[in-house]
Amino acid sequence: EVIWLFNNKPVSEYFTEALSLLNGTLLIQDATRFHTGRYDCIATNDVGTADRSAFITVTAFHGQYSDWGTWSNCSVSCGEGIQSRARECDSPTPSSNGLMCSGNPEEKITCTIEDCEDAAEYGEWSECTEVCDGGVKTRIVKCSDADCPHRPYSALIPLL
């Protein structure tokens, strides 16, 4: 028979996650700093009793970020967009009540891809809506690219 004690009391009084295996080994799953203390193993058979003690310290492992991943492609194919990259809290992953990683797991930067003026096709200006005292001329801007931010453009052109 094997009996395990934690700080001089049966382990079962403290921890439901502690198991005494058939070979007498004590298994504590997901140990935390609360499992730190004195452990005694008392083994008894027909020949006699043997006991061993050990003070076990469970150390919390705080999370650390992995290296940054590669930058994503720019979010647009024309003009100003966003690029991002990420890192994981897995080097190591926090355990034993360790703290999560601190800091931002994602970075973003602005990116610029060719001037949209080059990606757009401009139509001719329309006739002015007024003969005198100002008016509006319009022209259509066509983009071959879905990301191009241009829309039909109009401008107020004063007549002299």
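**Exercise 1. Decide whether Cys-101 is buried or exposed in this predicted model, then work out what it is bonded to.**

Step 1. Start with accessibility. Buried means under 20% relative accessible area, and Cys-101 has 14%, so it counts as buried.

Step 2. Look for a partner sulfur. Two cysteine sulfur atoms within 2.5 Å make a disulfide. The sulfur atoms of Cys-101 and Cys-89 are 2.1 Å apart, and the two residues form a disulfide.

Step 3. Place the pair in the chain. Both Cys-89 and Cys-101 lie in the loop between E7 and E8, so the bond ties together parts that are 12 residues apart in sequence.

Step 4. Check the handedness. The torsion about the S-S bond of Cys-89 and Cys-101 is about 90 degrees, so this disulfide is right-handed.

Step 5. Finish with the partner. Cys-89 has a relative accessible area of 19%, so it is buried.

**Exercise 2. Find how many disulfides the model has, and describe the one that involves Cys-74.**

Step 1. Applying the sulfur distance rule gives two disulfides. As a reminder, a disulfide is a covalent bond between the sulfur atoms of two cysteines.

Step 2. Cys-74 is bonded to Cys-111, with 1.9 Å between their sulfur atoms.

Step 3. This pair links distant parts of the chain, 37 residues apart: Cys-74 sits in the loop between strand E6 (49-56) and strand E7 (79-86), while Cys-111 belongs to strand E8 (residues 106-113).

Step 4. With a torsion of about 85 degrees about the S-S bond, the disulfide of Cys-74 and Cys-111 is right-handed.

Step 5. Cys-74 and Cys-111 are both buried. Another cysteine to look at is Cys-41, which is buried because its relative accessible area is 18%.

**Exercise 3. Work out how many salt bridges the whole structure holds, and describe where their residues lie.**

Step 1. The search finds two salt bridges. The background is simple: side chains of opposite charge can pair when their charged atoms come close.

Step 2. One joins Asp-40 to Arg-38, with the closest N and O atoms 3.0 Å apart. Asp-40 is part of strand E5 (residues 37-44).

Step 3. Compare the covers of these two residues. Asp-40 has 6% relative accessibility, so it counts as buried, whereas Arg-38, at 38%, is partly exposed.

Step 4. See what surrounds Asp-40. Beyond its neighbours within four places in sequence, Asp-40 has contacts with Ile-3, Trp-4, Leu-5, Asn-8, Arg-52 and Ser-53.

Step 5. The other salt bridge is between Glu-107 and Arg-85, at 2.7 Å from N to O. Glu-107 is in strand E8 and Arg-85 in strand E7, so to speak a link between distant parts of the chain, 22 residues apart. Glu-107 has 28% relative accessibility, so it counts as partly exposed.

**Exercise 4. Describe the surroundings of Val-11, then contrast its accessibility with that of Leu-19.**

Step 1. Val-11 lies in helix H1 (residues 11-14). With 5% relative accessibility, Val-11 counts as buried.

Step 2. Setting aside residues up to four places away in sequence, Val-11 touches Trp-4, Leu-5, Phe-6, Ala-18 and Leu-26. From Val-11 to Leu-26 the C-alpha separation is 9.4 Å, and the two are 15 residues apart along the chain.

Step 3. Now turn to Leu-19, in strand E3 (residues 18-20). Its relative accessible area is 41%, so Leu-19 is partly exposed.

Step 4. Together with Leu-21 and Leu-27, Leu-19 makes a nonpolar surface patch of about 220 Å².

**Exercise 5. Summarise the overall architecture, and say where the prediction calls for caution.**

Step 1. Count the elements: the protein has two helices and 12 strands. Their order from the N terminus is β-β-α-β-β-β-β-β-β-α-β-β-β-β.

Step 2. Consider packing and surface. Of the 160 residues, 24% are buried. The accessible surface is about 11,600 Å², and carbon and sulfur atoms account for 51% of it.

Step 3. Consider sequence separation. Among contacts with a separation of 6 or more, 48% are between residues 24 or more positions apart.

Step 4. Check confidence. The average pLDDT is 81, and 84% of the residues score at least 70. Over residues 150-160, pLDDT stays under 50, although the model has 31 contacts beyond four places in sequence for this stretch. Where pLDDT is low, the predicted coordinates should not be read in detail.

Note on methods
Residues are numbered from 1 along each chain as its sequence is written. This is a predicted model: local features need pLDDT of at least 70, side-chain atom pairs count only at pLDDT 80 or more; totals for chains, interfaces and linings use all residues. Side-chain values use heavy atoms; hydrogens and water are left out. Patches are made of residues with over 30% relative accessible area and no salt bridge: like charges are joined within 9 Å, nonpolar side chains (Val, Leu, Ile, Met, Phe, Trp, Tyr) within 5 Å. Accessible areas come from the Shrake-Rupley method with a 1.4 Å probe; for residues, only the protein chains shown count as cover. A salt bridge is a side-chain nitrogen of Lys or Arg within 4 Å of a carboxyl oxygen of Asp or Glu. Helices (H or I, at least four residues) and strands (E, at least two) are DSSP runs, numbered from the N terminus. Buried means under 20% relative accessible area, exposed over 50%, partly exposed in between (1.4 Å probe, protein chains only). pLDDT is the predictor's confidence in each residue, from 0 to 100. Contact means heavy atoms within 4.5 Å.
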